[in-house]
Amino acid sequence: MYKGNPNITICDHPLLKHKITLLRMKETGTNEFRKLVEEIGMLMGYEALRDLELEDVEIETPIEKSIQPMVAGKKPAIVPILRAGLGMVSGLLALMPAAKVGHIGMYRDEVTHEPHEYYCKLPNPIELRRIFVVDPMLATGGSAVDAINQIKKHGGKNITFMCIIAAPEGLKRLSEAHPDVKVFVGNLDRELNENAYICPGLGDAGDRIFGTK
Ligand code: PRP
Ligand code: URA
């Protein structure tokens, strides 16, 4: 399903794999968990930004005038899916300090696992920006699909979704609902359990980032 799909990238950098393993460990505490999510956000961002468009600009070095490449276009938008997506924002901002940040609030019903939206604020003009939607976990895919539906309703077009861990079920649902969206996955895990948690996964990402529960 994913092999040969040019819009899906399962990241394979060894440093990323190492950090995701640390993240999974149940003894990893809130402080370290947060730092790891930030670092992983940055490493994945570096990969996802490989196709950024450049334009030639004229500059002057201490030696001479010169034509050199700089990033083109409007400032991108980073859109975390609340809450857990917030943890990836600082890593991406380290790469794109001028980016705008939007927010989409979604929570999964604990019984039905269906997503519910409770907040949406996006930077304008959203239709002219490259948009990076971030959430550490892609489980059933419901939250990501609905968040991207919402962004498209507001006019968003050029969308990249980044998650640290995905379940095959969620990746399939997302790629079928939004085949135009570029997807970057830190690791593709085995399956969902009966509570729609990812196995082996890392537990509840929001609770581990914010120290709740
Ligand atoms: C988690 C996670 C995703 C969602 C993934 O959020 O951060 O947003 O579940 O599950 P899905 O793919 O089945 O929709 P949660 O709903 O627990 O909210 P929280 O981040 O506020 O804890
Ligand atoms: N949300 C999480 O935080 N973890 C899972 O495994 C599934 C959904």
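How far does a polar side-chain atom of aspartate 135 lie from an oxygen atom of ligand 1? I began my notes with this contact, bearing in mind that I am reading a predicted model, and I found a separation of 2.4 Å between the two atoms.

**Entry 1: ligand 1**

I next listed the surroundings of ligand 1 and counted 15 residues, of which Arg108, Asp135, Thr140, Gly141 and Ser143 come nearest. Going through the polar contacts, I noted that an N or O atom in the side chain of threonine 140 is 2.6 Å from an oxygen atom of the ligand, and that a polar backbone atom of alanine 84 is 3.2 Å from an oxygen atom of ligand 1. I then looked up the cover that the protein gives to this ligand: on its own ligand 1 has 500 Å² of accessible area, and the protein covers 90% of it.

**Entry 2: ligand 2**

Around ligand 2 I wrote down Arg108, Met137, Ala139, Ala196, Tyr197, Ile198, Gly203, Asp204 and Ala205. Arg108 had already appeared in my list for ligand 1, and I marked it for a separate look. For the polar contacts of ligand 2 I recorded three backbone partners: a polar backbone atom of isoleucine 198 is 2.8 Å from an oxygen atom of the ligand, a polar backbone atom of glycine 203 is 2.8 Å from a nitrogen atom of ligand 2, and a backbone N or O atom of alanine 205 lies 2.8 Å from an oxygen atom of ligand 2. Taken alone, ligand 2 exposes 240 Å², and I noted that the protein buries 88% of that.

**Entry 3: arginine 108 and tyrosine 197**

Over the face of which residue does arginine 108 lie? I found it over tyrosine 197, at 5.6 Å from the ring centre, and both residues are among those that surround ligand 2.

**Entry 4: the aromatic pair**

I searched the whole structure for aromatic pairs and obtained one. The ring centres of tyrosine 107 and tyrosine 118 are 6.2 Å apart and the planes stand at 35°, so I entered the pair as tilted, given that stacked would need planes under 30 degrees apart and edge-to-face over 60. The pair links distant parts of the chain, since tyrosine 107 belongs to strand β6 (residues 103-108) and tyrosine 118 to strand β7 (residues 115-121), 11 residues apart.

Are these two tyrosines buried, exposed or partly exposed? Tyrosine 107 has a relative accessibility of 45% and therefore counts as partly exposed, and I gave tyrosine 118, with a relative accessible area of 46%, the entry partly exposed as well.

Note on methods. Residues numbered from 1 in each chain as written. Chains lettered and ligands numbered in written order. Predicted model: local features only at pLDDT ≥ 70, side-chain atom pairs only at ≥ 80, totals over all residues. Heavy atoms only, no water. Phe/Tyr/Trp six-rings, centres within 6.5 Å; stacked < 30°, edge-to-face > 60°. Helix = DSSP H or I, 4+ residues; strand = E, 2+ residues; numbered from the N terminus. Buried < 20%, exposed > 50% of the residue type's maximum accessible area, 1.4 Å probe, protein only. Lys NZ or Arg CZ within 6 Å of the ring centre and 35° of its normal. Near = heavy atom within 4 Å. Polar contact = N/O pair within 3.5 Å; in protein donor to acceptor, adjacent residues only side chain to side chain. Areas by Shrake-Rupley, 256 points an atom, 1.4 Å probe, with all protein chains shown as cover.
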